Amino acid sequence: MMEKRQSNGQYHLGDLTFRVRKVGSTAWVNGDTSTARRAVTALSTSGTTLAAANLSPTLPSSSLLDITRRWVVQDDVLQLLFDVTNSQNTAVEIGSLGIPLEFNNIFTDRTAAETNELCSLFDPYIGQDAGYVQVTPLLGTLPPLVVLPVGKSPLEGWRFLPESTSADPFYQSQTFEGLYEWQFHTLAYAQNEWAQVTPWNAATSTTLQAGQTRTYGVQFHLAPSIRDIERTIRSAHRPVAVGIPGYILPMDQIGKLFLNYSSAVQSISVSPSGALTWSPNNEAKTAGLVGYSITPHTWGRVRLSITYTDGTLQTVHYYVTNGATQTISDLGNFLTTSQWFNSTTDPFLRSPSVISYDREVDAVVKDDPRAWIPGLSDEAGAGSWLAATMKQYVQPNAAEVAKLEQFATKILWGSIQNKDGTVKKSVYFYQPTLLPSYPYPTTIFWGNWWSWNRAASFATDRAYDYVHVAAAYWALYRVARNYPSLVSVQTWQWYLNQAVFTITTMTGGRAGFANDGLMGETVIRLLLDDLKREGLTANATLVENRMKTRENVWAGERYPFGSEMAWDSTGQEGVYAWATFFNDTQTATNALNSILAYQPLIPHWGYNGNARRYWDNIYGGKLQRIERQIHHYGSGLNALPLISAFEASPTDYYLLRVGFGGMSGPLSNIDQGGFASASFHSFADTLKWDGYSGDYGPNFSGHSMGTGTFIINHPDFGWQAFGGNVISTSPAVQVQIRDSVRRRVYIAPLGTLLTVDAGAFSLISYNPSAQTVTVTITSVPDGATAAAGAPHGRLVIEQKATIRGVTLLKPTANLALDAGAYNVPFRSGSGTVTLSM
């Protein structure tokens, strides 16, 4: 592969880029060792230095700097160092200095086995002196590489490196994402290309006096496993930060931050000012840890800066949202008002529906050259109505349900979905000869492959599209079953049967990719559970047999994660779901390890739990380019297996931390008005949410099916609640439920999952000595706007893990059982039930 990457302008490990100027000058002078390569001057070595070279021959004569590169082994650790010397007779300011990082993320022309066994992905913690880069092999089981700073070499910026994209192995493509640069200083970019954005960290420069030298560098550590990355960082005497529940904080939750470093905290500051407040707590149980309680106040991006007494600066990056349930209310309202498309003249049978939206012009997207985006199908066209229907599953609203029943019975059934159960790839098409009076915009280029004609749009051969349709029916079944007064057009039986019909059609041989793992197909597992709970044995058997046929295929493959793309992170969710269901432990383990390789744990809201996606903006975004996406739908969907695996292994807190990070991601996409963007652009010159709603729907679908409050007793941090506020720990552990849906509570010491089909959890009191749980359920979730009230609570109790001495909890009161759920009566809008063994 490397023989294809030997041209000028192609970056490699050992290159250096910089921008400098003489003090008093305004113009920056660029330097880049990759631009015009020439043989560098080898220098003699001794001691710990393996190799050294002066880089002047491959730098422009105007560079102002003399640079020596050294490869050093110090205490058995490899280091890459650059001695940067001011070669002028006057002071020089360095406004940018960066090391391109190159690791094998090239999938081009590689088989699935070669890609998974040879390639890695890498992600940054843009945390200044505490920053690092983790390089994780795709298998998920091999030792990852951790790149750490040497001395004062902060990871201040993370810049994508542009290269030519035209030649094999096709840089910045679906099979080669591209490379990035560790930037020690960024002021020269902040003043120019980044002038319109707020960078992750405050931009700095440094001044070298005449003849002065400063050394920058990085060191390379192998961690025993992905789970051991933090331990490896601590062993290298670098700061470690652990945020609970993560770094996306709704305003009605209190976060916790635990710091571990040999030097004491000297000061903490926040930007924007007042966006977070903090106070020390005494919750840490392990020596060396210092804990803080974090209270969010201001919506949006927030940077917490921690300065230690030895001068080390660490930044932790948060995202603050509105209160969790209010955020969901805002989403539902926006989808069913601003994104509600109602036209009597639309020729594509799209009305009434929840349609794609462009936030930058605040208008629905009626036309786009990618036919599926205005065509109500594919992830980027179905995304908005999928989010709207799944929102009703977790927080129904009477007015919204009424609109969505119109959509489901008029457009979903009969336009998007044909009467034979097949699902169109798009209801919109470009064919002026068929619609001569339709005003196709002349400003759009219609000559690309994705501007489908009617025959192409009406094709029904893409299995992914069927899952979204089934999910919408299932969500409305849940509403009709548990909030019967909200529906008036169809019965819960009709919605449930439609979901079954869609799945059986999808697996009937006519849809392509049906034997791949499909985005959001965890909903089929929930559908199967409901069929069994309702006693609908024939349909349950039918669905289960169809899923077993698919899983049999995966059981015979080492890498059963195929998709439409050469490499993908979409299949693992479904493969894991059915492998665990059918007790295929090896396949489930392979899927889980694959996810851990591309879903990192990092003290940064944008990267923490952010599953690898980098090409979907081409197909669903307004700004179309290959780039590392932040909280695209991979976050919410890949979090589902992580959360499921944690529930089965409730002391594997790594799974919870990564899974909850991914599960929280979809909340950050929702702006203050309720619009949800497909993803956040991570390139340092952009750093903004995409203008299109695009394929956000699968992200929210994952969130709605998996989020909850997870109560743990951590050996280092004590009693904590991911998604809740611990308000007491003795004699009972009392937790205010504060997650966005208030439907799922997992009590890890018991291995017990509590869910409500109707109503909302408000308070949980767990008495460890008595092994009892007292549950308070309310008719509506507090903090939500216009949420429908449940007539009574419907509580389901499941034992997810085998815990010594623990048996299934049951209500102490005599409660009626209906389809597997205990009916909890309400008085004055709430009900309380005590559970015991």
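Which residue is the bridge partner of Leu97 in β12? The partner of Leu97 is His185. This briefing concerns a predicted model, and it covers strand pairing, aromatic contacts, charges over rings, and pockets. The largest pocket holds about 870 Å³ of space, and the count of aromatic pairs comes to 64.

**Strand β7 and its partners**

- Strand β7 spans residues 92-101, and 10 of its 10 residues are buried, so that the strand is mostly covered.
- Strand β1 (residues 17-22) runs antiparallel to β7, and 6 bridges join the two.
- Within this pairing, Arg21 has Glu93 of β7 as its bridge partner.
- Strand β12 (residues 180-185) also pairs with β7 in the antiparallel sense, over 5 bridges; the Leu97 and His185 partnership belongs to β7 and β12.
- Strand β13 (residues 206-208) is a further antiparallel partner of β7, with 3 bridges.
- Ile94 has Thr206 in β13 as its bridge partner.

**The open sheet of 8 strands**

- An open sheet with antiparallel pairing is built from 8 strands in the order β3-β4-β5-β6-β14-β10-β9-β8.
- Its edge strands are β3 (41-42) and β8 (120-125), each of which pairs on one side only.
- At the β8 edge, the pairing with strand β9 (residues 132-137) is antiparallel and comprises 6 bridges.
- Asp123 stands opposite Gln134 of β9.

**Aromatic pairs**

- The model contains 64 aromatic pairs.
- In one of them, the ring centres of Tyr357 and Phe675 are 5.9 Å apart; the planes meet at 50°, and the pair therefore counts as tilted.
- Tyr357 belongs to strand β25 (residues 357-358), whereas Phe675 lies in the loop between α16 (653-668) and β28 (680-681); the pair therefore ties together parts that are 318 residues apart in sequence.
- Tyr357 and Phe675 are both buried.
- The rings of Tyr440 and Trp446 have centres 5.5 Å apart and planes at 75°, so this pair is edge-to-face.
- Tyr440 counts as buried because its relative accessibility is 10%, and Trp446 counts as buried because its relative accessibility is 13%.
- Ring pairs also link Phe103, Phe122, Trp158, Phe160, Tyr171, Phe176, Tyr180 and Phe683 into a cluster.

**Charges over rings**

- Arg21, the bridge partner of Glu93, lies over the face of Trp28 at 3.7 Å from the ring centre.
- The charged end of Arg481 sits over the ring of Trp492, at 5.1 Å from the centre of that ring.

**The largest pocket**

- The largest pocket contains about 870 Å³ of space.
- It is lined by 32 residues, of which Leu526, Asp529, Arg744, Glu798 and Lys800 are the closest to its centre.
- Helices α10 (522-533), α12 (571-581), α15 (634-648) and α17 (696-706) are among the elements that each supply at least two lining residues.
- Strands β35 (752-758) and β38 (793-799) likewise each supply at least two residues of this lining.
- By residue class, the lining of the largest pocket divides into 13 nonpolar, 7 polar and 12 charged residues.

**The second largest pocket**

- The second largest pocket contains about 450 Å³ of space.
- Of the 22 residues that line it, Glu230, Arg231, Arg657, His714 and Asp716 are the closest to its centre.
- Helix α3 (229-235), strand β15 (240-244), strand β17 (255-260) and helix α16 each contribute at least two residues to the lining of the second largest pocket.
- That lining is made up of 10 nonpolar, 4 polar and 8 charged residues.

**His237 in the loop between α3 and β15**

- His237 is placed in the loop between α3 and β15, and both of these elements supply residues to the lining of the second largest pocket.
- With a relative accessible area of 60%, His237 is exposed.
- The C-alpha atoms of His237 and Leu139 are separated by 28 Å, and the two residues are 98 residues apart along the chain.

Notes. Residues are numbered from 1 along each chain as its sequence is written. This is a predicted model: local features need pLDDT of at least 70, side-chain atom pairs count only at pLDDT 80 or more; totals for chains, interfaces and linings use all residues. Side-chain values use heavy atoms; hydrogens and water are left out. Rings of Phe, Tyr and Trp (its six-membered ring) pair if their centres lie within 6.5 Å; planes under 30 degrees apart count as stacked, over 60 as edge-to-face and the rest as tilted. Helices (H or I, at least four residues) and strands (E, at least two) are DSSP runs, numbered from the N terminus. Buried means under 20% relative accessible area, exposed over 50%, partly exposed in between (1.4 Å probe, protein chains only). A charge sits over a ring if NZ of Lys or CZ of Arg is within 6 Å of the ring centre and within 35 degrees of the ring normal. On a 1 Å grid over the protein atoms alone, a cavity is a set of points where a 1.4 Å probe fits but cannot get out, and a pocket is an open set with protein on both sides within 12 Å along at least five of seven lines; lining residues have an atom within 4 Å of a point. Grid points are joined across faces, edges and corners, and a volume is the space filled by probe spheres set on the points. Ala, Val, Leu, Ile, Met, Phe, Trp, Tyr, Cys and Pro count as nonpolar, Asp, Glu, Lys and Arg as charged, and the others, Gly among them, as polar. Two strands pair if DSSP finds at least two bridges between them.
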